[in-house]
Amino acid sequence: MIDAADVGRFRDDVLALIDTPPGPAAPLGLAVSGGPDSMALLLLAHAAFPGAVAAASVDHGLRAANADEARMVAREASAIGVPHAILEVDGGLSGASLQARARAARYASLARWAGAGGVVAIATAHHADDQAETFLMRASRGSGVTGLSAIRPRAVVAGARLVRPLLGWRRAALRAIVRRAGAAFIDDPSNADPRHDRTRFRRLLDENEWLDPPALARTAGAIGEAERDLAALADLLWAERATIGPASVGIDVAGLPRDTRRRHVRRAIALIRDDAEISTPAFDAAANVEALIDALDGGHRATQAGVIGSPRHGRWHFRAAPPRRSL
């Protein structure tokens with residue numbers, strides 16, 4: 001049995017993130033990997049919204065155990081009457097930046113599943129400890145406001161609406177829910193692999209009790225609020241300052257604060273990459289573009305993520321960088 005207080009808390013957390021309560025025709029989608037956090041998500045959602053949830057697991061094929069883990073989730077979901085789908089990713093995953101590409105492939109598969117099933121949103125099991133780890137990881141890399149807002153309660157990824165109702169919950173509490181319910185779960189061995197940055201920061205938090213994950217998570221949430229306000233201001237200025245042409249973007253940067261220029265540069269790069277179908281190297285909304293901004297401020301051309309920026313008469317111009325010459 002799941003404690004009624006936990007069920008009520010989870011229901012409130014979900015309803016605070018979506019406009020329409022889930023129902024049989026528009027269920028709440030659940031991304032369930034089989035770990036204790038996502039199994040807690042499955043149990044809480046079923047208890048809070050009976051008959052109005054659907055679950056999916058993505059088999060990346062990266063580990064031999066992936067398929068078995070997905071089948072375990074299918075059995076647990078079937079036992080409580082939750083529809084479940086096992087999804088595969090398009091193409092093989094190999095080479096550099098494997099984790100980032102696996103994450104993108106997972107969300108792409110979930111987005112297709114959500115669109116076909118008419119789900120109101122996809123809920124993931126990110127929690128307060130994840131938030132604290134992400135905040136510290138990004139702070140150590142010198143991230144700005146966008147990066148330090150860390151994991152956001154709402155997002156749109158691969159065209160699908162994502163919600164993270166467990167961001168206020170602790171990892172240990174979620175594991176306890178699963179154990180009390182007698183449900184199966186899998187501990188992913190990669191979570192203990194010291195080669196991963198997240199593992200090292202998780203150990204840092206575990207070994208230093210004065211680093212309070214809920215407090216760090218609240219800090220990330222407060223920065224997230226500031227991020228939304230700054231993003232709204234940048235959107236208004238983009239409409240006034242940006243000119244989008246064939247395979248090019250120009251921005252009037254005169255008088256713009258650095259944070260706004262940073263956001264406009266990232267937006268310009270993303271538009272050019274989409275137009276030119278540039279997929280490598282990786283680039284996202286939290287990418288560090290400081291060196292590029294410094295070069296443009298200094299009157300120099302510079303390239304990042306396959307896009308070249310050029311300063312001319314108070315405007316910055318962006319286009320796809322020409323291919324490198326082969327010797």
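Start by selecting residues 65-79, which form helix 3 of this predicted model; its 15 residues reach 21 Å from the first C-alpha to the last, close to the 21 Å expected at 1.5 Å a residue.

Within that selection, show the side chains of Asn66, Glu69, Ala70, Met72, Val73 and Ala77, which are the buried residues of helix 3. If you then turn the view to look down the axis of helix 3, these buried residues fall within an arc of 155 degrees, so they line one face of the helix. To see what that face packs against, add helix 2 (36-48), strand 2 (53-59) and strand 3 (84-88), with which the buried residues of helix 3 are in contact.

Next, rotate to the face of helix 3 that is turned away from its buried side, where Arg75, Ser78 and Ala79 are exposed. Continuing along the chain, select glycine 81, which follows helix 3 and has a positive phi, near 80 degrees.

For the next stop, keep helix 2 in view and add helix 1 (residues 4-15), whose axis comes within 9 Å of the axis of helix 2 and crosses it at roughly 85 degrees. An angle from 65 to 115 degrees counts as roughly perpendicular, and helix 1 and helix 2 are therefore roughly perpendicular to each other. To display the contact itself, select Asp6, Val7, Phe10 and Arg11 on helix 1, together with Leu41, Leu44, Ala45, Ala47 and Ala48 on helix 2. Coloured by residue class, this contact of helix 1 with helix 2 divides into seven nonpolar residues, no polar ones and two charged ones.

Conventions: Residues are numbered from 1 along each chain as its sequence is written. This is a predicted model: local features need pLDDT of at least 70, side-chain atom pairs count only at pLDDT 80 or more; totals for chains, interfaces and linings use all residues. Side-chain values use heavy atoms; hydrogens and water are left out. Helices (H or I, at least four residues) and strands (E, at least two) are DSSP runs, numbered from the N terminus. The expected span of a helix is 1.5 Å times one less than its number of residues. Buried means under 20% relative accessible area, exposed over 50%, partly exposed in between (1.4 Å probe, protein chains only). The arc is that of the directions from the helix axis to the C-beta atoms. Contact means heavy atoms within 4.5 Å. Axes are lines fitted to C-alpha atoms, for helices over the stretch in contact, and angles run from 0 to 180 degrees between N-to-C directions. Angles under 35 degrees count as roughly parallel, over 145 as roughly antiparallel, 65 to 115 as roughly perpendicular and the rest as oblique. Ala, Val, Leu, Ile, Met, Phe, Trp, Tyr, Cys and Pro count as nonpolar, Asp, Glu, Lys and Arg as charged, and the others, Gly among them, as polar.
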